[in-house]
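User: I'd like to learn how to read a fold from its coordinates. Could you walk me through it, one feature at a time?

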Amino acid sequence: EVNANMGAIYAMQGKGASNDDEQQKANRIKAKESFQEAVKYRPSLGSAWVNLALLLLAEGKDMGNPNVVSGDDSAKKQLTIVNDLLKEARQCCERALGMDNEDERSRALANRLIGDIDAMMRQSK
């Protein structure tokens with residue numbers, strides 16, 4: 001749980017780093033790494049899976065909405081990366097729901113995120 005707590009701290013610092021994109025990015029990376037460690041050592045920690053999903057979604061959001069036009073390989077690559085992040089975030093939510101997880105807030109958020117992710121993936125097709 002220490003890693004999950006550290007991830008939460010870094011995630012909060014990442015939100016609060018106003019006007020300092022590099023610091024925000026560094027804190028998000030640390031948060032993601034902390035949550036990855038948390039689920040590595042405690043795969044049954046549903047809240048860490050949900051927080052990891054949220055960070056993946058934020059990473060995809062930071063990439064922007066690629067405007068894919070014919071022949072634009074960089075936008076196509078960016079769209080592929082964003083779709084991969086959405087899939088990974090959805091898998092994290094599924095893992096959170098698959099746990100014997102007594103944290104109802106994590107379960108509810110995972111369910112909402114899956115619905116949102118599915119809608120985003122439909123839009124990107």
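Analyst: Let's begin with contact range. Take the contacts between residues at least 6 apart in sequence: 59% of them join residues at least 24 apart. Keep in mind that this is a predicted model.

User: How many helices and how many strands does the protein have?

Analyst: The count is 5 helices and 0 strands. Going along the sequence, that reads α-α-α-α-α.

User: And what share of the residues is buried?

Analyst: Of the 125 residues, 33% count as buried. The accessible surface comes to about 8,000 Å², and carbon and sulfur atoms own 48% of that.

User: How do I check the length of a helix, say α4?

Analyst: Compare an expected span with the one in the model. The 26 residues of α4, at 1.5 Å each, should span 38 Å, and the end C-alpha atoms sit 37 Å apart, so the two agree. Helix α4 covers residues 73-98.

User: Which residues of α4 are buried?

Analyst: First the general idea: an α-helix has 3.6 residues a turn, so residues three or four places apart point the same way. Now the case here: the buried residues are Ala75, Val82, Asn83, Leu85, Leu86, Ala89, Cys92, Cys93 and Ala96. The cover over them includes α3 (46-62) and α5 (104-123).

User: Is Asp84, in that helix, buried or partly exposed?

Analyst: Asp84 counts as partly exposed because its relative accessibility is 41%. Its C-alpha atom is 9.6 Å from that of Leu56, and the two residues are 28 apart along the chain.

User: Two cysteines turned up among the buried residues of α4. How many disulfides are there?

Analyst: The test is whether two cysteine sulfur atoms lie within 2.5 Å. By that rule the count is 0. Cys92 is in no disulfide, with the nearest cysteine sulfur, in Cys93, 6.9 Å away. Seen from the other side, the closest cysteine sulfur to that of Cys93 is in Cys92, and 6.9 Å is too far for a bond.

User: How accessible are Cys92 and Cys93?

Analyst: Cys92 has 4% relative accessibility and so counts as buried. For Cys93 the value is 0%, so Cys93 is buried too.

User: Let's move to α2. What does Ser34 touch?

Analyst: When you read a contact list, it helps to set aside sequence neighbours. Not counting residues up to four places away, Ser34 touches Asn3, Ala4, Met6, Gly7 and Tyr10. Ser34 lies in α2, which runs over residues 21-41, while α1 takes in residues 2-16. With a relative accessible area of 10%, Ser34 is buried, since the cut-off for that is under 20%.

User: And Ile29, how does that one read?

Analyst: Ile29 is also placed in α2, but at 43% relative accessibility it counts as partly exposed. Gly7 is 22 residues from Ile29 in sequence, and their C-alpha atoms are 9.4 Å apart.

User: Last one: which residues make the nonpolar surface patch?

Analyst: Here you look for nonpolar side chains that sit together at the surface. Val2, Met6, Ile9 and Met12 make a patch of about 380 Å². One of these, Met12, lies in α1 and is exposed, with a relative accessible area of 57%. Met6 has a part in both stories: it belongs to the patch and is among the residues that Ser34 touches.

Conventions. Residues numbered from 1 in each chain as written. Predicted model: local features only at pLDDT ≥ 70, side-chain atom pairs only at ≥ 80, totals over all residues. Heavy atoms only, no water. Helix = DSSP H or I, 4+ residues; strand = E, 2+ residues; numbered from the N terminus. Buried < 20%, exposed > 50% of the residue type's maximum accessible area, 1.4 Å probe, protein only. Contact = heavy atoms within 4.5 Å. Expected span 1.5 Å × (residues − 1). Areas by Shrake-Rupley, 256 points an atom, 1.4 Å probe, with all protein chains shown as cover. Patch = residues over 30% accessible without salt bridge, like charges linked within 9 Å, V, L, I, M, F, W, Y side chains within 5 Å. Salt bridge = Lys/Arg side-chain N within 4 Å of Asp/Glu carboxyl O.
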